Amino acid sequence: MSIKYSKSATAAMLLLSSIAITPVMAAETPVAATGDFSMTVLHTNDTHANLATTAERAALVKKIREEKPYNVLLDAGDVFSGTLYFNEFEGQADLAVMNYLGYDAMTFGNHEFDLGSSAEGHKALVDFIKGAKFPFISANTDFSADPLFDGLQSKTVEAKAEDGKIYNGIIKEVNGEKVGIFGLTTEETKDISSPEKVIFTNYIVEAKEAVAAFEKAGVNKIIALTHIGYNDSDNVDNDLLLAKNVPGIDIIVGGHTHVKLDEPFVVNKDTEPVLIVQANEYNKFLGQLDITFDDKGVIKDYSGVLHAVGGENAAVDAGAAELIKPFSDKVKETMEKPTGATAGVFLSGLRDLGGVRAGETNLGNIITDGMLAKAKEIDPSTVIAFQNGGGIRTSIPQGPITYGQAISVLPFGNTLALMELSGAELKSVFERSVEKYPEEDGGFLHVSGMKLIFNPAAEIGNRVISMAIDGKEIEADKTYKITTNVFTAQGGDNYEVLKKAYADGRASEPGFSDWENFADHMKSIGTINSGIEGRILAKVPYSDVAYDSWAYPYVSDLYYRGILKGTDATYGPEKEMTRAQAASWIVRALDLKAEGSAPFNDIENYAADTKAEIVAAYENGLIKGVNGKFMPSEKVTRAQFALMLERAYENYTGKKYTAAAKAPYADFGNYGSEAVNAISMLHELGITTGSDGKFMPGQSTSREHAAKIVSNFIYNVKQAKKAE
């Protein structure tokens with residue numbers, strides 16, 4: 001179209017002039033002399049029923065609208081699933097808030113389809129759509145095969161869109177100018193949610209058709225409202241590829257990958273620029289993009305910012321506070337009800353290496369143990385349970401555990417499925433599970449009833465070394481009864497083997513909500529003090545650490561975190577740790593860097609890296625030394641190691657640890673209060689438990705014990721702090 005050719009011809013010069021300097025705020029009204037047009041795009045994405053800051057968000061929206069009257073408010077999907085607000089009200093609490101705020105449009109995220117496999121199917125989504133005081137847009141989503149959506153979808157671009165209806169796109173008039181807005185939903189939805197009869201088509205094809213429809217209608221300012229991910233898989237869909245492959249789009253308001261774009265990302269700077277924005281997750285931010293177009297629809301100036309929602313002294317909207325109160329009162333009532341279980345240690349549902357998407361965690365173990373226990377009640381011959389890491393959404397801190405916490409960990413309402421699989425099929429399942437390790441993957445499986453050993457250095461598809469039940473290897477031609485959640489059983493997260501088994505009728509669905517199983521199992525335990533147990537072992541290149549060694553999971557954990565370095569073929573588990581090694585490990589665990597020097601005259605002969613780590617330990621208060629010496633080659637006692645870790649705790653958390661009680665060890669002897677407090681801290685945080693009522697503070701620390709202590713310190717201090 002001529003509109004786009006003229007935009008391309010002038011885009012580079014105009015955008016370079018605005019990028020070369022700090023972007024300026026857009027003017028409030030069109031400039032008559034030049035034909036410029038300015039507007040504001042307010043945007044949210046991946047809110048996942050996080051409504052605690054509703055009143056603060058409303059106040060922020062109202063304030064910006066007063067300052068920028070020519071605006072649209074858009075949501076890029078995944079309103080459903082994530083907190084008790086969804087479990088209790090299935091989207092109606094979120095809808096009340098969105099209607100109150102006056103959203104202009106929303107596209108569908110994958111989690112909008114989470115209830116598709118339930119007895120009522122997509123009824124909650126249909127009710128959400130029908131009750132909306134705004135239209136929905138998704139050009140590549142087809143609802144026609146599901147009768148629940150009859151009469152709701154029109155596969156058109158509509159200038160007179162009705163509230164509570166679904167379109168490919170809409171034409172919105174903003175201060176007399178036409179703005180085209182179309183939607184896209186990730187094709188991954190079929191693998192990572194439960195869309196059932198809802199179909200998703202190619203995003204590039206549908207986007208090009210939507211742009212053509214807008215251009216035919218004389219619209220030269222086009223917004224793509226997407227839930228395909230900023231930088232998600234190139235093999236499926238993402239915003240970067242959309243911007244590069246579909247001419248005519250000016251702005252992409254995105255979601256799905258939870259990316260925090262503090263300022264707009266510009267694609268095609270030198271040809272036909274496209275601005276991509278995304279506002280992180282969980283209602284933490286409200287995005288604002290101020291943009292000015294010239295009379296040909298070319299981006300001339302822009303300024304983007306993410307406003308933090310809530311916080312100390314944040315303004316509160318009284319109407320929104322009143323609106324959300326009945327919902328929040330109900331949520332509070334359920335959230336605070338105790339399960340009867342207590343977390344004696346931090347239960348990790350965190351991300352990153354060693355978290356639920358890339359490693360065994362104590363929380364994943366407890367969840368799968370509960371699944372297996374429930375499955376055995378139904379069929380005692382069930383031997384294995386597994387849970388996808390992507391379904392574990394948060395952690396549980398130390399203390400009494402409420403039902404609200406259990407639901408927050410497993411918020412998607414999945415139910416139990418029982419399946420029969422061959423050993424060969426199980427091998428394929430676990431090859432899929434570990435194919436991306438040590439990178440994060442929502443399909444990474446936590447297990448109960450078996451032990452998995454794999455080699456991350458091997459090629460994908462050939463990584464599994466061992467799968468054993470009670471020490472006996474799983475046999476390829478034998479059949480095993482397993483349990484998992486229905487989402488995974490149906491092939492979610494690209495488990496094609498499970499998808500086929502499900503289609504073959506080798507699965508049964510007895511029901512039983514995952515979070516209820518989880519809560520019941522925790523209650524049966526009482527006080528939970530478990531750590532990682534070596535159920536999932538990533539192979540390390542040390543010949544002197546056996547797979548059945550109690551230390552193996554800790555050594556493996558530290559190896560893949562990069563805390564263990566060097567090229568030695570042996571680890572030396574029983575060797576005594578030196579003070580230099582202890583300082584180095586803790587510094588690496590906290591990712592501390594040296595900035596200056598340390599006043600020690602006995603570290604000059606050490607390697608530069610080790611010397612820098614000793615300096616970092618000194619600068620950050622982990623070590624002190626005596627009379628100008630650090631004594632780096634001396635063996636570090638268990639008491640000295642405890643003191644280093646107590647100081648590491650203070651460095652990382654910003655507060656000094658005061659033990660609630662003296663640890664129940666009989667061999668403190670004449671140790672001072674500082675050492676006793678440090679040892680008691682390790683005991684209270686579940687980092688170490690001593691042996692036979694003794695801590696042996698004067699004994700030197702072996703490398704295998706040091707691995708356990710540092711690994712547990714990362715879990716129970718560093719990761720616990722991240723979860724706050």
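Strand 14 (residues 285-293) and strand 15 (residues 299-308) run antiparallel and are joined by 9 bridges, and this pairing is a convenient place to begin reading what is a predicted model. The chain that holds these two strands has a secondary structure that comes to 21 helices and 27 strands. Its radius of gyration is 28 Å, close to the 27 Å that the globule rule gives for 724 residues, so the chain is as compact as a globular protein of that length.

**The hairpin of strands 14 and 15**

- Phe 293 has Ile 299, a residue of strand 15, as its bridge partner.
- Between the two strands of this hairpin there are 5 residues, and Gly 297 takes a positive phi near 85°.
- As a general point, the side chains of a regular strand alternate between the two faces of the sheet.

**Overall dimensions and packing**

- Taken along its principal axes, the C-alpha trace of the chain spans about 85 × 65 × 50 Å.
- Of the 724 residues in the chain, 57% are buried.
- When contacts between residues at least 6 apart in sequence are considered, 76% of them join residues that are at least 24 apart.

**Surface and charge**

- The chain has an accessible surface of about 28,700 Å², and carbon and sulfur atoms account for 50% of that surface.
- The chain carries 70 positive and 98 negative charges, and the mean positions of these two sets lie 3 Å apart.

Notes
Residues numbered from 1 in each chain as written. Predicted model: local features only at pLDDT ≥ 70, side-chain atom pairs only at ≥ 80, totals over all residues. Heavy atoms only, no water. Helix = DSSP H or I, 4+ residues; strand = E, 2+ residues; numbered from the N terminus. Rg over C-alpha atoms; globule rule 2.2 N^0.38 Å. Buried < 20%, exposed > 50% of the residue type's maximum accessible area, 1.4 Å probe, protein only. Contact = heavy atoms within 4.5 Å. Areas by Shrake-Rupley, 256 points an atom, 1.4 Å probe, with all protein chains shown as cover. Lys, Arg positive; Asp, Glu negative; His and termini not counted. Charge placed at Lys NZ, Arg CZ, Asp CG, Glu CD. Pairing = 2+ DSSP bridges.
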